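User: Please take a close look at a single helix in this model. I would like one connected account of how it sits and how its ends are built.

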Amino acid sequence: MRDVAVVGFAQRQMKDFDGSPSMAELLVPILAECYEQTGWTKKDIGFWCSGSSDYLAGRSFSFVSAIDAIGVLPPVNESHVEMDAAWALYEAWVKIQTGEVDTALVFGFGKASAGVLRRTLSMQLDPYTMTPLWPDTVSLAALQARLGLDAGLWDETALADVVNRSLTDAEKNEYAVRAGGSSVSELLARPMFADPLRKHDCAPVTDGAAAIVLAAGDRAYDANQRPAWITGIAHSSDGLHLGTRDLTISGSAQRAAAAVGGTAGVQVAELHAPFSHQELVLRSALGLGDDVQINPSGGALAANPMFSAGAIRIGEAAKRIWDGSADKVLGHATSGPALQQNLVCVMEAQENGSGK
């Protein structure tokens, strides 16, 4: 296996929807920031892979207009996944493993404000038995939260604790669209949004984009003095039908964690949990102890741009390696209803330069 590291990361989340730029316009400065971080140009990128959704954009092959941000010349080796850009990162990692390229740039983008997101995401459900009922994502998450409450796995105070910590940490994140901790008692006094969830328990609708640069071996040290080496990456999926799985656990997250060799020694974990109770599900599924710092960026409760929020979790985790605040971190992404699909990426520092 080739050693591959995260060496660049840039993101944008839109706080206001009015007059928000097109995805190509949003991506241009993000790609430019990645070039500046690494000291590279377009010619240094061996493979490009993007993540987005035609359903979200409301038109076929919507990603084609977004890749205009790359530029026409020279021609590029490009691919696309109809998933969060975290899965585009996985494809790029596999591409580098083949030996065909040494570097890759992955990016994701989405304008959730273009429609009613809760309804649009119903298109992920089984088209015969569930989509015709139009159960929206917030209502499905509320059902999941209620199951955990009734089973005694968590209570409303535990959910409020997650929110209060996340939004307090988000005050230090310049890209957060929602920030500002309150108090658990004040949060619990707010009205229900989708019983038992309050509005702060649900990720805000967010427009945004992100990009991550990968490099193998010595190329990583050309771009970053302390690369975040990917020591384990895996993804897994649970069944589509909600009635066939226990929604209070995440079997796919457990399997992904096992596939990367477990999470022992992880100091910081960025979990893609669009709802407060889902952080509790993921902590258990991934085997993260109380000593692990969770979502120092504020996580998805602070900003959740569709099709880049998972990649942002990986990028935010990698930054902890770069700045020396952690030696082993975990980035997580999810997709589908009620944590159906999960990807885990473990990254570590290698001070001796053994990533060659």
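Analyst: Buried here means under 20% relative accessible area, and exposed means over 50%. The model is predicted. The helix to examine is H4, residues 85-97.

Burial comes first. Of the 13 residues of H4, 10 are buried, so the helix is largely enclosed by the rest of the structure. At the beginning of the helix, the buried residues include Ala85, Ala86, Trp87, Ala88 and Leu89. Further along, Ala92 and Trp93 are buried. Lys95, Ile96 and Gln97 are buried too.

Next, the length. At 1.5 Å a residue, the 13 residues of H4 should span 18 Å. The end C-alpha atoms are 18 Å apart, which agrees with that expectation.

Now the two ends. At the start of H4, Asp84 supplies a side-chain oxygen that comes to within 2.8 Å of the backbone nitrogen of Ala86. Ala86 itself is among the buried residues. Past the other end, H4 is followed by Gly99. The phi of Gly99 is positive, near 85°.

A strand makes a useful companion case. Strand S1, residues 4-14, has 10 of its 11 residues buried, so S1 is also largely enclosed by the rest of the structure. S1 runs antiparallel to strand S7, residues 205-216, and 10 bridges join them. One of the residues in that pairing is Gly8, whose bridge partner in S7 is Val213. S1 also pairs with strand S8, residues 228-237, over 2 bridges in the antiparallel sense. There, Ala5 has Trp229 of S8 as its bridge partner.

Terms used
Residues numbered from 1 in each chain as written. Predicted model: local features only at pLDDT ≥ 70, side-chain atom pairs only at ≥ 80, totals over all residues. Heavy atoms only, no water. Buried < 20%, exposed > 50% of the residue type's maximum accessible area, 1.4 Å probe, protein only. Helix = DSSP H or I, 4+ residues; strand = E, 2+ residues; numbered from the N terminus. Pairing = 2+ DSSP bridges. Expected span 1.5 Å × (residues − 1). Polar contact = N/O pair within 3.5 Å; in protein donor to acceptor, adjacent residues only side chain to side chain.
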